[in-house]
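Please look over the sequence and the three-dimensional picture below before reading on. The notes that follow are grouped by topic, and each group can be checked against the picture.

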Amino acid sequence: MELDLAAAELKSVLNRLRRAQGQISGVIRMIEEGRDCEEVVTQLAAASRALDRAGFAIVATGLQQCMTEMEDGRRPAEDRDAMRARLEKLFLSLA
């Protein structure tokens with residue numbers, strides 16, 4: 001399944017991933033500095049949420065694309081069950 005993100009969707013996903021990257025760098029720095037455990041865990045939880053949201057946005061975009069392709073006839077209807085199973089597996093991998 002090839003993912004074709006529109007410019008706005010791509011920007012949003014990349015922003016979320018960059019935010020998570022910055023938060024993870026912050027967590028590493030905090031650990032190296034011996035910061036308070038609660039602060040570290042709070043920052044780590046924020047990074048995890050940012051990654052989850054980026055993942056969900058990608059899965060949602062994939063689902064939307066697949067539905068559009070089936071409606072437009074670009075994807076055979078018999079592929080629907082296989083594609084649904086693949087998207088469900090991706091979705092559950094984020095849970």
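This is a predicted model, and among its elements helix H1 has the highest mean pLDDT, at 89, while helix H3, which covers residues 79-94, has the lowest, at 77. Over the whole protein the pLDDT averages 82, and 81% of the residues score at least 70. Where pLDDT is low, the predicted coordinates should not be read in detail.

**Overall architecture**

- The secondary structure of the protein consists of three helices and zero strands, and, read from the N terminus on, the elements follow the order α-α-α.
- The protein has 95 residues, of which 24% count as buried, and its accessible surface comes to about 6,800 Å², with 54% of that area belonging to carbon and sulfur atoms.
- If we take the contacts in the protein with a separation of 6 or more, 70% of them are accounted for by residues that lie 24 or more positions apart.

**Helix H1**

- Helix H1 runs through residues 7-32, and with its 26 residues it reaches 37 Å from its first C-alpha to its last, which is close to the 38 Å expected at 1.5 Å a residue.
- Which residues of H1 are buried? They are Val13, Ala20, Gln23, Gly26, Val27 and Met30.
- As general background for reading such a list, an α-helix has 3.6 residues a turn, so residues three or four places apart point the same way.
- Glutamine 23 is placed in helix H1, and it counts as buried because its relative accessibility is 13%, which is under the 20% cut-off.
- Leaving aside residues up to four places away in sequence, glutamine 23 touches Gln43, Ala46, Ala47 and Ala50.
- Just after H1 comes glycine 34, which takes a positive phi of about 70°.

**Where H1 and H2 meet**

- Alanine 54 has its place in helix H2, which covers residues 37-71, and with a relative accessible area of 1% alanine 54 is buried.
- When residues up to four places away in sequence are not counted, alanine 54 touches Val13, Arg16 and Leu17.
- Although alanine 54 and leucine 14 are 40 residues apart along the chain, their C-alpha atoms are separated by 7.9 Å.
- Leucine 14, which is located in helix H1, is partly exposed, having a relative accessible area of 32%.

**The nonpolar surface patch**

- Leu10, Leu14, Leu17, Ile24, Ile28 and Leu51 make a nonpolar patch of about 440 Å² on the surface.
- Which helix gives the most residues to the nonpolar patch? Helix H1 does, with five residues.
- Leucine 14 can belong to this patch because its relative accessible area of 32% lies over the 30% that a patch residue needs.

**Salt bridges**

- How many salt bridges does a search of the whole structure find? The search finds two.
- One of them is formed by glutamate 33 and arginine 35, whose closest N and O atoms are 3.5 Å apart, a pair that qualifies because this distance is within the 4 Å limit.
- The side chains of glutamate 39 and arginine 35 also meet in a salt bridge, with 2.8 Å from N to O.
- Salt bridges that share partners thus join Glu33, Arg35 and Glu39 into one network.
- Each of these residues counts as partly exposed: glutamate 33 has a relative accessibility of 49%, arginine 35 has a relative accessible area of 40%, and glutamate 39 has one of 36%.

**Helix H3**

- Glutamate 88 lies in helix H3, where its relative accessibility of 37% makes it count as partly exposed.
- In sequence, glutamate 88 and leucine 63 are 25 residues apart, and in space they are 9.4 Å apart, taken from C-alpha to C-alpha.
- Is serine 93, which is in helix H3, buried or exposed? Serine 93 is exposed, because its relative accessible area of 55% is over the 50% cut-off.
- Serine 93 and glycine 55 are 38 residues apart along the chain, and a distance of 9.5 Å separates their C-alpha atoms.
- These details of H3 belong to the element with the lowest mean pLDDT, 77.

Note on methods:
Residues are numbered from 1 along each chain as its sequence is written. This is a predicted model: local features need pLDDT of at least 70, side-chain atom pairs count only at pLDDT 80 or more; totals for chains, interfaces and linings use all residues. Side-chain values use heavy atoms; hydrogens and water are left out. Buried means under 20% relative accessible area, exposed over 50%, partly exposed in between (1.4 Å probe, protein chains only). Patches are made of residues with over 30% relative accessible area and no salt bridge: like charges are joined within 9 Å, nonpolar side chains (Val, Leu, Ile, Met, Phe, Trp, Tyr) within 5 Å. Accessible areas come from the Shrake-Rupley method with a 1.4 Å probe; for residues, only the protein chains shown count as cover. Helices (H or I, at least four residues) and strands (E, at least two) are DSSP runs, numbered from the N terminus. Contact means heavy atoms within 4.5 Å. The expected span of a helix is 1.5 Å times one less than its number of residues. pLDDT is the predictor's confidence in each residue, from 0 to 100.
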